[in-house]
Amino acid sequence: MFARLMVAALGGAFGVVAPLAAGPAYAEGATGLGIDAYAEMVVDSARGHLFFSLGRERSGVRVTDLAGGAQRTIPDLPGASGMALSPDGSTLYVALADADAVAAVDTTTLTVQRRYGLGSSTCPTWLAPAGGKLYIGHGCQVGKGKLGSLDLRGPTPVLALDLPLDGSYYYPPLLRGTSANPDLLLLTNRSSVSFPISGEPALYDVSSGTPSRVASLPGETCTGLHNAALTADRVILGCTYLWDPETSSRVVATTHVAYSTTDLSPAGSSPSGGGATAVTTSPDGAYVVLGASQSGTIHVERPDGTLVRRYVVPPGSHLDRQGLAVSADSRTLYVVTTDSDGQNPALLRLTDFAAAGTSLLLAAPAASARATTLTVSGTLGFPGTPGSTPRTLRVVKQDLAGSHPLPDVTTAADGTFTFPDIPQVGAANTYAVTFPGDATHPAASRSVTVQVSRAATALSVTSKVTALRTGRGSTVTAQLGTTYNNRTVCLYAQPQRRPRVTLTCGTVDANGRLTASYPLHRQVTFSASFAGDHRYAPAEVSQPSYGFLLRRGVFRVR
């Protein structure tokens with residue numbers, strides 16, 4: 001029965017055609033968080049805070065305002081990993097994996113009010129409120145992930161560890177709860193970055209105070225799980241691989257399947273691309289957000305899988321695991337990225353992320369000859385909206401000569417457009433195309449750069465001794481050939497084992513020469529450089545010179 005359901009779900013998933021051809025919107029303006037590692041993010045919209053835990057072998061929780069500013073650190077929180085807000089938002093609970101405790105942080109004063117010890121070698125890692133308790137994914141030994149709970153409703157905290165589970169967990173289980181259905185608790189195996197394991201997703205009812213299994217999925221269903229989300233009626237998993245019952249093998253997850261909270265049967269799909277490393281939902285349940293680190297894309301979708309908007313993180317950035325969260329008003333999406341080495345976490349803010357987006361793609365040749373025709377093409381689209389109407393786009397070209405407005409271009413009925421240009425100036429020619437926006441769609445602008453060829457010019461450098469009998473110096477001469485609108489040359493000298501120094505920079509004379517003097521050394525390299533101009537490429541040449549001592553005070557240069 002399960003195999004038939006999976007066939008139906010995967011068939012529907014792979015049949016979804018997302019309007020990605022219209023192009024992504026780029027997320028820009030990252031704010032560095034001043035930390036060197038990241039584990040999880042919590043948004044406290046009511047008090048204007050963002051919390052970032054640093055994970056194992058670190059200590060502290062980073063706090064910022066909702067724009068990523070006013071940064072500070074709550075210290076002495078060893079191994080701060082999973083975090084959860086209390087139902088009233090007054091307390092932030094932090095799992096201290098390196099201190100075998102859970103800390104309670106006052107979200108107004110940003111101070112630790114209390115620690116709840118779990119006992120030695122418990123390694124609490126993930127937290128989720130459910131059924132009136134705080135559930136804890138814990139366990140220090142690989143292959144022995146466990147579930148515990150902390151009941152703080154009475155005058156005395158009640159701790160329960162190693163609760164009975166139907167199934168085993170390789171690491172402390174990742175936990176997810178939802179205020180929309182507070183009696184449900186989701187447990188999954190969270191894979192490490194380099195070692196994908198079976199997700200083992202299981203759903204529990206905790207209304208009685210003791211977890212009772214509602215349903216679970218076979219281990220092979222989802223492999224390489226990095227994040228998960230729970231809503232009132234769905235479980236959404238970020239899987240690297242999905243099980244294909246037709247071939248009895250796992251396949252790369254090019255889409256992601258949602259599951260019903262009733263019995264974990266397939267309940268739709270999300271065209272999020274492969275390898276989702278971060279999954280979240282908006283508090284109002286209207287949107288699902290999935291992000292993939294490998295592709296750098298973030299998909300905003302409706303629960304039925306319809307794409308609303310797609311973002312691409314800035315070049316050189318990577319979406320971190322569990323790096324997505326949404327504000328309480330469901331308007332701002334917070335994104336945590338790292339650099340190419342997985343370090344220096346930074347924050348992106350995408351406001352009005354679920355609004356009808358405008359996407360703009362541009363394409364042009366990487367290189368072109370000067371004074372010949374090149375063509376720029378592109379597509380204007382609005383994800384989730386079929387077709388388009390002709391719209392006017394503004395075009396501006398930037399080159400070495402400055403900024404030049406080009407004629408407006410009008411899109412075709414399908415949103416495509418092209419325009420030609422004959423660049424007269426070499427080097428980088430950047431074409432910026434702008435849709436000014438309208439009553440229902442935000443403005444968008446994209447640019448593309450074409451490297452336009454430039455001719456080569458002749459450049460040489462020579463040196464000769466002056467005042468040979470006294471050995472006082474040498475004369476260095478640069479000779480510049482034909483250029484267009486720049487006749488400036490710079491001369492340099494670099495003595496052996498010393499930094500290069502500038503002798504002079506100036507306009508060559510009518511014969512193309514520029515001359516400078518330099519004290520005589522036993523070994524020095526003279527260089528001349530031309531920065532290029534609108535039609536001629538930069539050039540630089542060097543000549544080593546060697547001085548030989550003939551007698552006291554007299555040198556000869558070769």
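**Note on T372 and some aromatic rings**

1. A polar atom of the T372 side chain lies 2.7 Å from the backbone oxygen of A369, where a polar contact is a pair of N or O atoms within 3.5 Å, one able to donate a hydrogen and the other to accept it within protein, and residues adjacent in sequence count only if both atoms are side-chain atoms. This is a predicted model, in which local features need pLDDT of at least 70 and side-chain atom pairs count only at pLDDT 80 or more, while totals for chains, interfaces and linings use all residues. Residues are numbered from 1 along each chain as its sequence is written, and side-chain values use heavy atoms, with hydrogens and water left out.

2. T372 is found in the loop between β34 (367–368) and β35 (374–381), strands being DSSP runs of E of at least two residues, numbered from the N terminus. Leaving aside neighbours within four places in sequence, T372 is in contact with D421, I422 and P423 (heavy atoms within 4.5 Å), and the C-alpha atoms of T372 and Q424, 52 residues apart along the chain, are separated by 8.3 Å.

3. A search of the whole structure finds three aromatic pairs, meaning rings of Phe, Tyr and Trp (its six-membered ring) whose centres lie within 6.5 Å. One of them joins Y170 and Y171, which are edge-to-face (planes over 60 degrees apart), at 4.9 Å centre to centre and 85° between the planes.

4. The charged end of R250 sits over the ring of Y241, 4.3 Å from its centre, which requires CZ of Arg within 6 Å of the ring centre and within 35 degrees of the ring normal.

Terms used. Helices (H or I, at least four residues) and strands (E, at least two) are DSSP runs, numbered from the N terminus. Rings of Phe, Tyr and Trp (its six-membered ring) pair if their centres lie within 6.5 Å; planes under 30 degrees apart count as stacked, over 60 as edge-to-face and the rest as tilted.
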